[in-house]
Amino acid sequence: MVTVFSKNNCIQCKMTKRFLQQHNIDFIEHNIDEQPEYVAKLKAEGFMATPVVKLPNGNAFSGFRPDRLQQLA
């Protein structure tokens, strides 16, 4: 399952979620504005911006990356 860490008013987050929905890719969303307990974890992993997308294979990336998302479609 793909996990998306997003926050409010984040255009790249919205674009990432829209891409996943349009390609019928199931995902879980954690909004770090509403669930701040995830912020420290993401920072500890080296992420400084949302969205952070964690893939089922354990890889992760940040930002809207249609090139990476396309591999899931």
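Contact here means heavy atoms within 4.5 Å. By that criterion, and leaving aside neighbours within four places in sequence, Leu69 is in contact with Thr16, Phe19, Leu20, Ile25, Val53, Phe61 and Phe64. The model in which these contacts occur is predicted.

**Overall architecture**

The protein chain contains three helices and four strands. Along the sequence, these elements follow the pattern β-α-β-α-β-β-α. The radius of gyration is 11 Å, close to the 11 Å that the globule rule gives for 73 residues, so the protein chain is as compact as a globular protein of that length. Along the principal axes, the C-alpha atoms fill a box of roughly 30 × 25 × 15 Å.

Global values for the protein chain are collected below.

| Property of the protein chain | Value |
|---|---|
| Buried residues | 36% of the 73 residues |
| Contacts between residues 24 or more positions apart | 59% of the contacts with a separation of 6 or more |
| Accessible surface | about 4500 Å² |
| Part of the accessible surface belonging to carbon and sulfur atoms | 48% |
| Distance between the centres of the positive and negative side-chain sets | 6 Å |

The two charge sets consist of 9 positive and 7 negative side chains.

**Nonpolar cores**

The largest nonpolar core has nine residues: Val2, Val4, Phe19, Leu20, Ile25, Val53, Leu55, Phe61 and Leu69. Two elements, β1 (2-6) and α1 (11-22), each give two or more residues to this core. A second, separate core has five residues, among them Phe5, Ile32, Phe47 and Val52.

Leu69 belongs to the largest core. The contacts of Leu69 include Phe19, Leu20, Ile25, Val53 and Phe61, and these five names also appear in the list of members of that core. Thr16 and Phe64 are also among the contacts of Leu69.

**The surroundings of Lys17**

Lys17 is placed in helix α1, an element that also gives two or more residues to the largest core. Is Lys17 buried or exposed? A residue counts as buried when its relative accessible area is under 20%. Lys17 has a relative accessible area of 18% and is therefore buried.

Not counting residues up to four places away in sequence, Lys17 touches Val4, Ser6, Phe27 and Glu29. Of these contacts, Val4 is a member of the largest nonpolar core. Glu29 lies 12 residues from Lys17 in sequence, and the C-alpha to C-alpha distance between Lys17 and Glu29 is 8.7 Å.

Note on methods: Residues numbered from 1 in each chain as written. Predicted model: local features only at pLDDT ≥ 70, side-chain atom pairs only at ≥ 80, totals over all residues. Heavy atoms only, no water. Rg over C-alpha atoms; globule rule 2.2 N^0.38 Å. Buried < 20%, exposed > 50% of the residue type's maximum accessible area, 1.4 Å probe, protein only. Areas by Shrake-Rupley, 256 points an atom, 1.4 Å probe, with all protein chains shown as cover. Lys, Arg positive; Asp, Glu negative; His and termini not counted. Charge placed at Lys NZ, Arg CZ, Asp CG, Glu CD. Core = buried A, V, L, I, M, F, W, Y, C linked by side-chain atoms within 4.5 Å.
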